[in-house]
Amino acid sequence: MVPNSLEKMVQLQRNPANIRNICVLAHVDHGKTTLADCLISSNGIISSRLAGKLRYMDSREDEQVRGITMKSSAISLHYAQGAEEYLINLIDSPGHVDFSSEVSTAVRLCDGCIIVVDAVEGVCPQTQAVLRQAWLENIRPVLVINKIDRLIVELKFTPQEAYSHLKNILEQINALTGTLFTSKVLEERAERESEAHGAPGAGPAEQVYDWSAGLEDTDDSHLYFSPDQGNVVFTSAIDGWGFGIEHFAQIYSQKIGIKKEVLLKTLWGDYYINMKAKRIMKVDQAKGRKPLFVQLILENIWSLYDAVLKKDKEKIDKIVASLGLKIGAREARHSDPKVQISAICSQWLPVSQAVLAMVCQKLPSPLDMTPERVEKLMCSGSQTFDSLPPETQALKAAFMKCGSEEADPVIIFVSKMFAVDAKALPQNRPRPLTQEEIAQRREQARQRHAERLAAAQGPVPAGPAADGTTPETSPEGEEPKGGEPQGESATPRPAPQEAGGQETGQETFVAFARVFSGVARRGSKIFVLGPKYSPVEFLQRVPAGFSAPPDELPAVPHMACCTLEQLYLLMGRELQALEEVPPGNVLGIGGLQDVVLKSATLCSAPACPPFIPLSFEATPIVRVAIEPKHPSEMPQLVRGMKLLNQADPCVQVLIQETGEHVLVTAGEIHLQRCLDDLRERFAKIEISVSEPIIPFRETITKPPRVDMVNEDIGRQQKVAVTRQARDDHSRVPEGVQVDADGLVTVTTPNKLATLSVRAVPLPEEITRLLEEHSDLIRALEQLASSPSEGRGAPPPQRTRERIREFKGKLEQHLTGRKWRDAVDRIWSFGPRRCGPNILVNRSADFRSSVWAGPAGTAGPEASRYRDLGNSIVSGFQLATLAGPLCEEPLMGVCFVLERWDQSKFEEAGAGERQSRDPPGEGAGAAEGGPPEPADRRTAPKGEPAPADCYGPLSGQLIATMKEACRYALQVKPQRLMAAMYTCDIMATSDVLGRVYAVLSRREGRVLQEEMKEGTDVFAIRAALPVAESFGFADEIRKRTSGLASPQLVFSHWEVIPSDPFWVPTTEEEYLHFGEKADSENQARKYVNAVRRRKGLSVEEKIVEHAEKQRTLSKNK
Ligand SMILES: Nc1nc2c(ncn2[C@@H]2O[C@H](COP(=O)(O)OP(=O)(O)OP(=O)(O)O)[C@@H](O)[C@H]2O)c(=O)[nH]1
Ligand SMILES: [Mg+2]
């Protein structure tokens, strides 16, 4: 087959009804790229012999070496079904969890997806994850069950067993779909319910709600996967075959004479055929008969494999003849049965035919975009579609229409930026020479050759010949200096050839994007909308009907204007230049690197809202510090890191306070890829990389009930323990008073204010709630701290609703006397005002909580109260940002401010006071203390008050609060929290023992072990501390000879039970651990490691009681 010409593709792009934008999603190694190879080979881009071996979409070298995909990439394919011609924009995605952010970027651009499942491994953790992602994006899935050959060759199943196994896999995946569907319906119900709740007139009768009601009347049959629905295909991508039941229904309807429609309904399922009567029955009347699927389909495939594997030449010939195929002589004689199988099967049941037919029939075109999806895309944050301005709502029609007329607004979404070598861009690529040019050059070369020969006969024998032949054989040499820029580019371009020459090895960025509406034209101007852009703001600033060229509009925050400089057709490893791209197509856009960082919405109508941000499943957790080998190369490193940040959807690049450059990645393989990229593409320098920086959290727990040898700590001993611990590590300085129950009282250095703080561990559920709702808390704090800034709009109903719900949940878990009205008195969250720690204010003159915001009264008194209050909150923020153990953030701690005594301060003169404490940072902004100015001016002239040497009171309060919190922590049993991964491993029973050995050596804990039905594959789920995970994947692979490979995903924080300061105190402990207790203390080890890294003091006795060894005999 001849590769499709560019013109053909351009023509197909114009018909959105026949475009399918799809991505291939699956668990790692289930065969996505191999399947993509088969589809690509149907277009003649790669040879069918190489399909499955080449893995064309894995264009990076490390992808080929490791055998896993690391990025999503797109290719456009042509498919003809009868008279209809389709354009398929296929995106291959990675399955490894480290790269799950790439899946998000792919899913956003598509309307449908192919979910691939390995027939042996079945539904795996990433299968669930990608299916959920597809749901969240509202794109429709179809299913490919791949690697059916493994059921024949490896598991040696009979067709009947294989059928049961496949049925089982379908049940699993449908169960998953069912769960997703149910939770979605319930969620929508809850949403509607909460909206109705706000409406007046909801009587008590309506409040009783039947939660199951919505499910029954919502039709969900079309969602499930079933071969008779036509949305399931069975394949063996490596052998190049695949089929849906339609293919066989067609064949057998002619052969047996049963209607195709009947066969379509009965080929899958427990239906049996009576060949004589030519009737299909539901029940197996004659015992031992096989279902149609087994009898008519699987058995044929099995017998073909059987014949080929047994090298039964006669039978093979018979089968080939009966199928009417022609097998090349080379394949027929080949000794490798795989070659024969793939030669026969790929003709008999070509996989591309089965898969692409299903894609075209079952997946929607860009025209079928559902209103639901459009509304979801347009509503970022907690907005609802109805709350958008009417101009914005009107754009929904444009999405749905997907129109290409002049009046249709151009809407493009960029889901990621990817780097390509500037040389590979079409405008810089040497253009293939035409026949005449080649002839001309050949002539020139011949002449040169002749001249040289004539000039010097002897001395240079070999040179000229080589010279003469080069242009003939490789026209892609550096020859095309004389070549004009490509014919189709009418606009003058800045000498692309030279640019290409100079920038050898330069990386440029191409945006991975899709046109949702309107025609993207090269050279046209377009707005770039950042994620925080608000069309409301634009509509307020720019009067309606105002028109001006896009770049002359008044400046609106988060909006820029740019030109679509280059448009490309994405063809896997290549890009093709385009002049325009009609709506509904996936495309590449060049020249956006200065205006788009990672993703963006481009639109010609400023009323367009930015699309909702991509949802990333993985949390970046692996951090390393990076520095150049040669310090002088720092600028290259900084530039390289910036480029890397742009090129990867999920990497984070930070500069820490210490000046270190830190890279945060999703996992080890991701880290490796980022480092390779940095070295070879972006920075091009040698770099040195620190050991991974492992994050910890600090917390406190309840005092232990039992000691380290599991003996009850009696009352007497318990006191001894806490006293000793306190003596040991808190060394409370003077001026800090600690009560027996852990209340810490600290006075400011000027002795004017006193704070009493207590630290209490939060229940686990609360910590989890706080973590889950961090975005809500951020919104809440914003509302509470700046009510007067009020940007016109009150918080949307939904946000208020969610806040109320959140508060209710907190109250539900904080019960008991200790927590009485604690929720109402929450003053702040920390660190960074949204973390998992709480500040509760129980002091007598408590006036503001996060829920209500500052008490609305103005006036100097309230304003001063707020200033000082802000200082205390800042002190709390600082204390929670870095704990006393090893300066890591706190988690799950509640600080209770029991007393806040500033009576002495109030006694001091008001004038002096004003002069001493200018309002705290940012606090005075709202109502910046109106009566003060006069006082302030006069104050410096007066006698400086004695307290002045300690600085302003607000500053002292910050420091005092911070100290108080730290001491309050230190008098409680402190603990370290470790980040934990969930680790999913598939292993066969023979390597299971080794997997467990590695897991337990690394402190892993097996949570679940499950045998995949019918196979000897075990799916193991374990929890593994991040700190112990480095090199884990490699070790597992090595120990199991590559048979098992783990997938690590960050899951949660877990308290390390051991006390970092533990020393034996009770008699039993002394007996058990000895006086020195020098056995390993995990928590202590981590604390010391972190302290050492941060350059903090480490209390370690390196050698105790060193004794010089003496030889007793000689020299006395
Ligand atoms: N037996 C068998 N092996 C297959 C089949 N399809 C793919 N494989 C093998 O499975 C392995 C993984 O294939 P890939 O196509 O790279 O898998 P992938 O899903 O793209 O993997 P990631 O991109 O890393 O997630 C390769 O070794 C393939 O040869 C199949 O149908 N049968
Ligand atoms: Mg792949």
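This briefing covers a magnesium site, an open sheet and the surroundings of one buried loop residue. The structure is a predicted model. The magnesium ion (ligand 2) is coordinated by two threonine side chains, Thr33 and Thr69. The sheet is built from 6 strands, and the loop residue discussed last is Ile693, between β23 and β24.

**Magnesium site**
- Thr33 and Thr69 each coordinate the magnesium ion (ligand 2) through OG1, at 1.8 to 1.9 Å.
- Thr33 belongs to helix α2 (residues 32-41), whereas Thr69 sits in the loop between α3 (61-66) and β2 (73-81), so the pair ties together parts that are 36 residues apart in sequence.
- Thr33 and Thr69 are both buried.

**Open sheet**
- The strand order is β25-β26-β27-β30-β29-β28, with mixed pairing.
- Strands β25 (736-738) and β28 (826-830) form the edges; each has a single partner strand, so one side of each lacks a neighbour in the sheet.
- On average, neighbouring strands of this sheet are turned by 20° against each other, direction ignored.
- Strands β26 (residues 744-747) and β27 (residues 754-761) run antiparallel and are joined by 4 bridges.
- Within this pairing, Thr745 stands opposite Ser756 in β27.

**Ile693 and its surroundings**
- Ile693 occupies the loop between β23 (687-689) and β24 (696-700).
- Ile693 counts as buried because its relative accessibility is 8%, the cut-off being under 20%.
- Apart from neighbours within four places in sequence, Ile693 is in contact with Arg623, Val624, Ala625 and Arg1093.
- The C-alpha atoms of Ile693 and Ala625 are 7.6 Å apart in space, although the two residues are 68 residues apart in sequence.

Notes
Residues numbered from 1 in each chain as written. Chains lettered and ligands numbered in written order. Predicted model: local features only at pLDDT ≥ 70, side-chain atom pairs only at ≥ 80, totals over all residues. Heavy atoms only, no water. Helix = DSSP H or I, 4+ residues; strand = E, 2+ residues; numbered from the N terminus. Buried < 20%, exposed > 50% of the residue type's maximum accessible area, 1.4 Å probe, protein only. Contact = heavy atoms within 4.5 Å. Pairing = 2+ DSSP bridges. Axes fitted to C-alpha atoms, helices over the stretch in contact; angles between N-to-C directions. Donors = N, O, S within 2.8 Å, 3.2 Å for Na, K, Ca; no water.
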